[in-house]
Amino acid sequence: MIGRLNHVAIATRDLRKASAIYRDTLGAEVSEPVQLPEHGVITVFVELPNTKIELLEPLGENSPIAKFLEKNPGGGMHHLCYEVDDIIAARDRLKEKGATVIGSGEPRIGAHGKPVLFLHPKDFGGTLVELEQA
Ligand code: CO
């Protein structure tokens, strides 16, 4: 059911520093920061030949990554995003298999303008999973 790894997301308190590590130390192509107030994050995308890295810094009071950064003050891997062809079919299958879809269960428009859902880490080896309809 899942297809390509769309991105790996890394939460950080210091987007400028994280961007510099990817650009200057690792020599990757790094985008300008984009504020996504409706998602409570500022994002930078690192383009790799086979996938992307999404660097996330909290934006605003109720950022969904604030709690993660409380538990992981130095930052860390926040989620993996897999592509699916049909997000509703994927959701229904996952629910049937006993996975927990976070929130209302209705897809939201994600950072790339495409429908996304998040799956609870408890069902996936402790890793938060994002599904994106590619
Ligand atoms: Co993501």
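Four donors count as tetrahedral if all angles lie between 85 and 135 degrees, and as square planar if opposite donors are over 155 degrees apart and all others between 65 and 115; anything else is irregular. Keep that in mind for the first stop. The model on screen is predicted.

**Stop 1: the cobalt ion**

Select the cobalt ion and its protein donors: H7 (NE2), E54 (OE), H79 (NE2) and E130 (OE). They lie 2.0 to 2.6 Å from the metal. Now check the angles among the four donor atoms. They run from 88 to 176°, and the site is irregular.

Colour the chain by residue number next. Along the chain, the donors of the cobalt ion follow the spacing H-x46-E-x24-H-x50-E. Pick out H7 in strand β1 (residues 5-11) and H79 in strand β6. This pair links distant parts of the chain, 72 residues apart. Are H7 and H79 buried or exposed? Both H7 and H79 are buried.

**Stop 2: a loop residue, N50**

Stay with H7 and add N50. The C-alpha atoms of N50 and H7 are 9.4 Å apart, while 43 residues separate the two in sequence. N50 sits in the loop between β4 and β5. Its relative accessibility is 56%, so N50 counts as exposed.

**Stop 3: the largest pocket**

Show the surface and go to the largest pocket. It holds about 810 Å³ of space. Which residues lie nearest its centre? Select P64, H78, I102, F118 and L128. The full lining has 33 residues. Elements giving two or more residues to this lining are β4 (41-47), β5 (52-58), α2 (66-71), β6 (76-84), β8 (115-119) and β9 (128-133). Colour the lining by class: 14 residues are nonpolar, 12 polar and seven charged.

**Stop 4: helix α1**

Select residues 15-25, helix α1. Its buried residues are L15, A18, S19 and Y22. Turn the view to look down the helix axis. The buried residues of α1 fall within an arc of 100°, so they line one face of the helix. Now flip to the other side of α1, where R16, K17, D24 and T25 are exposed.

**Stop 5: P107**

Finish at P107, in the loop between α3 (87-96) and β7 (108-109). How exposed is P107? Its relative accessible area is 26%, and P107 is therefore partly exposed. Add I87 and draw a C-alpha to C-alpha distance. P107 and I87 come out 7.6 Å apart in space, with their positions 20 residues apart in sequence numbering.

Definitions and conventions: Residues are numbered from 1 along each chain as its sequence is written. This is a predicted model: local features need pLDDT of at least 70, side-chain atom pairs count only at pLDDT 80 or more; totals for chains, interfaces and linings use all residues. Side-chain values use heavy atoms; hydrogens and water are left out. On a 1 Å grid over the protein atoms alone, a cavity is a set of points where a 1.4 Å probe fits but cannot get out, and a pocket is an open set with protein on both sides within 12 Å along at least five of seven lines; lining residues have an atom within 4 Å of a point. Grid points are joined across faces, edges and corners, and a volume is the space filled by probe spheres set on the points. Helices (H or I, at least four residues) and strands (E, at least two) are DSSP runs, numbered from the N terminus. Ala, Val, Leu, Ile, Met, Phe, Trp, Tyr, Cys and Pro count as nonpolar, Asp, Glu, Lys and Arg as charged, and the others, Gly among them, as polar. Donors are N, O and S atoms within 2.8 Å of the metal (3.2 Å for Na, K and Ca); water is not among the atoms, so sites may look incomplete. Four donors count as tetrahedral if all angles lie between 85 and 135 degrees; four count as square planar and six as octahedral if opposite donors are over 155 degrees apart and all others between 65 and 115; anything else is irregular. Buried means under 20% relative accessible area, exposed over 50%, partly exposed in between (1.4 Å probe, protein chains only). The arc is that of the directions from the helix axis to the C-beta atoms.
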